[in-house]
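Me: I have a model open and would like to know how its labels were earned. Could you take me through them, setting each value against its definition?

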Amino acid sequence: MTPHPIIEYTSEASWAMIEDKFSPYAKETLAKLITFLEDEILPANKLAHLQLPTDPVKRWQTVIPVIEELKVKAKKLGLWNLFLSKAHYPEHGVPLTNLEYAVMAEILGRGGHMAPQAVNCSAPDTGNMEVLARYGSPEQQKKWLIPLLNGEIRSAFSMTEKNVASSDATNIRTSIRREGDEIVINGHKWWISGAGDPRTKLHLVMGKSDPDNKSSYNQQSVVIVPTDAPGVKIIRPMQVFGYDDAPEGHCEVIYENVRVPLGNLVLGWGRGFEIIQGRLGPGRIHHCMRSIGAAQAALDLMLQRVTDPGRKTFGKYLYEHGSVVADIANSRAEIEAARLLVLSAALQIDKYKAKGALKEIGIAKFVVPTMALTVIDRAIQSFGAEGVSQDTELAARWAGLRTLRIADVHIQQVGQRELRRAPRLVQKAAEQKKKEIAVLEKAGFKGHL
């Protein structure tokens, strides 16, 4: 039997562990996605960069033509909304599990920034579509979810605030209050991904609607804000190590007396935390698997570089110098370990949903970005000055991945979760000690207690 083409992109061992968990449809879709990556996405990467103007105004008004062309092709092939599992979203989803999509997300991670867009699996739209599919009213789904699912519009999730420690969402100050039949929003946000895109038609805005509620987790609500609503002001695009990520960008946004209908409230008053927790679970895994794909692509570039006869120095291949071989081995091992960790988390989500996989998701979220950054840094080193330039994808990939270590901070949560095990471990150790004493006494070694 012909081996599945995925083994050229992942390890045979990890595929052997999960192959029997893939449906025939998933295997076929994965094979089509690999072909689409090789024949359509990768060849168009440079063209996409060239089609984005360097003019500081025009680049924020541009819809990159080749990406729109790829979207049409992907939809015809059935490579569309692959992230949205029918098991969780029967009306809108596709028959893929989180585990099956996780492997596909790794493939998309190899294709750079535009690959997820080409198959309508790009953040922040993926999380926003899940919010609307899970929590949106029928009217909200008709007006906003369907165009998002069709790839006709894009969206932003507006939570992080300027001058506020937003990693603790209870600190959010944006005001969301009811006035008659309207909701009024006032707030100052920044790092709002997707807000610069001309295709973005809505922001999901999180703010405080009941600041005096005794529970700090019931003070927040989420509201749909159309981008053309009066009072929505895009102040500027933020830059990540000098990259502006146009045309989507990560923008500073002010909402000044923005008024929307009551029907734009998502799920209900005070349900903001419930919404963001439901939104983040699977999305975190998507980011992790794309990061692993980026790391694997970087290692592949490194292998080509260090074995290039034209790059010999002092009569030796680059891999014959210093610790290059050890760096390659470490990168291989770290990618394999991270992949198994994330696949395990995806399997847990499929079995127990996101809430039942918090430990696995949390570990993946601080292990994977650090791993990917380290692997890409080694590849950059092998390229020398070229590695930090615009002539390779490595510098941009490193910059993008560095933000993930800020966007998701889970190491404290995982550590606290582990500490909860301590009382039971102490109890078990005491029980074991009693058994040990009994064995010693029975054997006549009472003096050795």
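Me: Why is Asn-257 called partly exposed?

Reply: Buried means under 20% relative accessible area, exposed means over 50%, and partly exposed is in between, with a 1.4 Å probe and protein chains only. Asn-257 has a relative accessible area of 45%, so the label is partly exposed. This is a predicted model, in which local features need pLDDT of at least 70 and side-chain atom pairs count only at pLDDT 80 or more, while totals for chains, interfaces and linings use all residues. Residues are numbered from 1 along each chain as its sequence is written, and side-chain values use heavy atoms, with hydrogens and water left out.

Me: What makes the backbone of Asn-257 worth a look?

Reply: Its phi is positive, about 50°, although Asn-257 is not a glycine. Most residues other than glycine have a negative phi, and most peptide bonds are trans. Asn-257 sits in strand β7; strands are DSSP runs of E with at least two residues, helices are runs of H or I with at least four, and both are numbered from the N terminus.

Me: And Asn-163: is that residue buried or exposed?

Reply: Asn-163 has 65% relative accessibility, so it counts as exposed. Its phi is also positive, near 65°, and its place is the loop between β1 and β2 (175-179).

Me: How do you know which peptide bond before Pro-124 is present, cis or trans?

Reply: Omega tells us: from Ala-123 to Pro-124 the value is near 0°, and the bond is cis. Pro-124 belongs to the loop between α5 (114-118) and α6. Another cis bond runs from Ala-246 to Pro-247, with omega near 5°, and Pro-247 lies in the loop between β6 (232-238) and β7 (250-261).

Me: Why does Cys-288 not count as part of a disulfide?

Reply: A disulfide is a pair of cysteine sulfur atoms within 2.5 Å. The closest cysteine sulfur to that of Cys-288 is in Cys-121, 16 Å away, so the two are too far apart for a bond. By this rule the structure has 0 disulfides. As for accessibility, Cys-288 has a relative accessible area of 1% and is therefore buried; Cys-251, also at 1% relative accessibility, counts as buried.

Me: What makes a space in this model a cavity, and how many are there?

Reply: On a 1 Å grid over the protein atoms alone, a cavity is a set of points where a 1.4 Å probe fits but cannot get out; a pocket is an open set with protein on both sides within 12 Å along at least five of seven lines; and lining residues have an atom within 4 Å of a point. Grid points are joined across faces, edges and corners, and a volume is the space filled by probe spheres set on the points. The search finds 2 cavities of 30 Å³ or more. The largest holds about 70 Å³, and its lining includes Cys-121, Asp-125, Arg-154 and Arg-199. The second largest holds about 40 Å³, with Trp-15, Val-103 and Met-289 among its lining residues.

Me: Arg-154 lines that largest cavity. Why is Arg-154 called buried?

Reply: Its relative accessibility is 6%, so Arg-154 counts as buried. Arg-154 is in strand β1 (residues 154-158). Arg-199 is 45 residues away in sequence, yet the C-alpha atoms are 5.3 Å apart. Contact means heavy atoms within 4.5 Å, and beyond its neighbours within four places in sequence, the contacts of Arg-154 include Arg-199, Asp-125 and Pro-124 of the cis bond.

Me: Which residues lie nearest the centre of the second largest pocket?

Reply: They are Arg-134, Gly-278, Lys-353, Ala-354 and Lys-355, from a lining of 20 residues. The pocket has about 460 Å³ of space, and α8 gives the most to its lining, with 6 residues. Ala-354 is in the loop between α9 and α10 and, with a relative accessible area of 15%, is therefore buried.

Me: What makes a set of residues a nonpolar core?

Reply: The members are buried Ala, Val, Leu, Ile, Met, Phe, Trp, Tyr and Cys residues joined through side-chain atoms within 4.5 Å. The largest core has 102 residues, of which Leu-30, Ile-285 and Met-371 touch the most other members. Helix α8 gives the most to this core, with 13 residues. A second, separate core has 17 residues, including Ile-183 and Val-258.
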